[in-house]
Amino acid sequence: MHMATLTEADLISIRRSLHRIPELALNEFQTQAYIEEFVQRLACPWLTVKHVEAVPTALLVHLAGTAPRRTLGYRTDIDALPVEEKTGLPFASNHPGVMHACGHDVHMTVAMGILAYFATNQPRDNMVFFFQPAEEAEYGGKRVFDAGAFTGEWHPDEFYGLHDNPALPAGQIATRMGTLFAGTTEIHLTFTGKSGHAAFPQKANDAIVAAAAFVMQVQTIVSRNVDPVRGGVVTLGTFHAGTIGNVIAGAARLDGTIRAFRQTDIEMMQGRVRQIADGVAATYGVRADLKLIQGGYMPVENAPKQTADLISYMKQAPGVDFDGIAPAMTGEDFGFLLQQFPGTMVWLGVNDPEHSLHSAELSPDEAALKPGVDAFVGFLTHRMEEA
Ligand SMILES: CC(=O)N[C@@H](CCC[C@H](N)C(=O)O)C(=O)O
């Protein structure tokens, strides 16, 4: 592979290599090694690499500009999901039970394509590329920020990033002014009661009955507490309890997520989840151990100046297919970084409308890779020409 501007075939080969080796949040060692080897092979004299001791799978790359007036940041996430892949692709995951089911292999490939371009064509401004661990869980962006990694020459004045979107045509760029994605909060809850014989419920405290009541009662948060015009989501994605049909379960564990576009709504919903868990515990005589974790999953707020410029650039740039789009209830811990640095997140269409993000059958169209790289190379070059 020639390391200058990458061809479509190069991008596809990188994406397939990354797709084979998905790793969970904060464990992306093989992925990081693949990216770092790629970066070293660029053999670029204006490039420096940085590791972050507190978050060992993070990787930052700095490009020194020819006449820098500021530093432009570009971020990609690098982690995968605990999903057993069912695509049947010849380059499917080699890691059982783990899959790039959210397309971070596509995100990384686009970032590497942009990096390869500017490692060959020295940028005018400085650039920082952030290969971020732990987007799906564990909020890696906030961890790296809190570790002080974005200081001095590593401080981006602006930050950009993308997320793939299977509902949009391959290569289409879509974004909006203001809020693009929801803020989220993870729910981790265990009800502990008292197990016992199925025949003697009066001598036990059934954790399944309590957990079932909780599942039903939290549905009222969106229907009764959230302003319907603004919307919100409470989803419980796991429910684990019991061992056999004739033993009353002494414990039940649930995990889920709260979502809304405004931080005030998220906090109100967190409060209602707490009240309902406590109320259910009191009613059913069980103990509720509840953890609510927002971490870095703040609403993704696109900054006015940078986003207006990005939209106006993308609308007129030759070869760029741009569209506006409504906000989505997906979360992204890039929301935290956009609270620290102004910037913009966009969707990149990957044309797989039959499957949603997080599906075991998601198969992004690789025709999106080159347009994704070209759109950002063009926009970032344009940004460097702006006053
Ligand atoms: C784009 C995407 O799918 N992001 C994830 C972010 C996860 C946030 C957090 N772990 C939670 O579950 O609340 C998403 O599920 O939207």
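**Exercise 1. Domain layout**

Task: State which residues the domain assignment gives to domain 1 and domain 2, and describe how the two domains meet.

Solution.
1. In this predicted model, the assignment places residues 8–180 + 300–385 in domain 1 and residues 183–293 in domain 2.
2. Taken over C-alpha atoms, the centres of the two domains lie 35 Å apart.
3. Contact between them involves five residues of domain 1 and five residues of domain 2.
4. On the domain 1 side, the touching residues comprise two nonpolar and three polar residues, with no charged ones.

**Exercise 2. The UniProt feature**

Task: Identify the feature that UniProt lists for residues 183–281, and give the helix and strand content of that stretch.

Solution.
1. The unreviewed UniProt entry lists these residues as "domain: Peptidase M20 dimerisation".
2. Residues 183–281 are 38% helix and 33% strand.
3. The C-alpha atoms at the two ends of this stretch are 27 Å apart.

**Exercise 3. The ligand shell**

Task: Determine which residues surround the ligand, how they divide by class, and which domains supply them.

Solution.
1. The shell consists of C102, E136, A137, H163, T184, E186, T257, Y297, T330, G331, E332 and L357.
2. By class, four of these residues are nonpolar, five are polar and three are charged.
3. Domain 1 (8–180 + 300–385) and domain 2 (183–293) each contribute at least three residues to the shell.

**Exercise 4. Nonpolar cores**

Task: For the largest nonpolar core, find which residues touch the most other members and which helix gives the most residues.

Solution.
1. Nonpolar side chains in soluble globular proteins tend to be buried together.
2. The largest nonpolar core has 105 residues, of which I114, F129 and A210 touch the most other members.
3. Helix 3 (residues 104–120) makes the greatest contribution to this core, eleven residues.
4. At least three residues of this core come from each of domain 1 (8–180 + 300–385) and domain 2 (183–293).
5. Neighbours within four places in sequence aside, F129 is in contact with L60, V61, Y74, A111 and L115.
6. Another core, of seven residues, lies apart from the largest one and includes A80, V98, M99 and A101.

**Exercise 5. The environment of H382**

Task: Locate H382 in the secondary structure and decide whether H382 is buried, partly exposed or exposed.

Solution.
1. H382 belongs to helix 9, which covers residues 369–385.
2. A buried residue requires 20 or more other C-beta atoms within 10 Å, and an exposed one has 12 or fewer.
3. H382 has 15 C-beta neighbours inside 10 Å and therefore counts as partly exposed.
4. Y313 is 69 residues away from H382 along the chain, yet their C-alpha atoms are separated by 7.9 Å.

Note on methods. Residues are numbered from 1 along each chain as its sequence is written. This is a predicted model: local features need pLDDT of at least 70, side-chain atom pairs count only at pLDDT 80 or more; totals for chains, interfaces and linings use all residues. Domain bounds come from an automatic or database domain assignment. Two residues are in contact if their C-beta atoms, placed from the backbone, lie within 7 Å. Ala, Val, Leu, Ile, Met, Phe, Trp, Tyr, Cys and Pro count as nonpolar, Asp, Glu, Lys and Arg as charged, and the others, Gly among them, as polar. Helices (H or I, at least four residues) and strands (E, at least two) are DSSP runs, numbered from the N terminus. A residue is near a molecule or strand if its C-beta atom, placed from the backbone, lies within 6 Å of it. A nonpolar core is a set of buried Ala, Val, Leu, Ile, Met, Phe, Trp, Tyr and Cys residues joined through C-beta atoms within 7 Å. UniProt positions are given in the numbering used here, feature names are shortened, and annotations may be inferred rather than shown by experiment.
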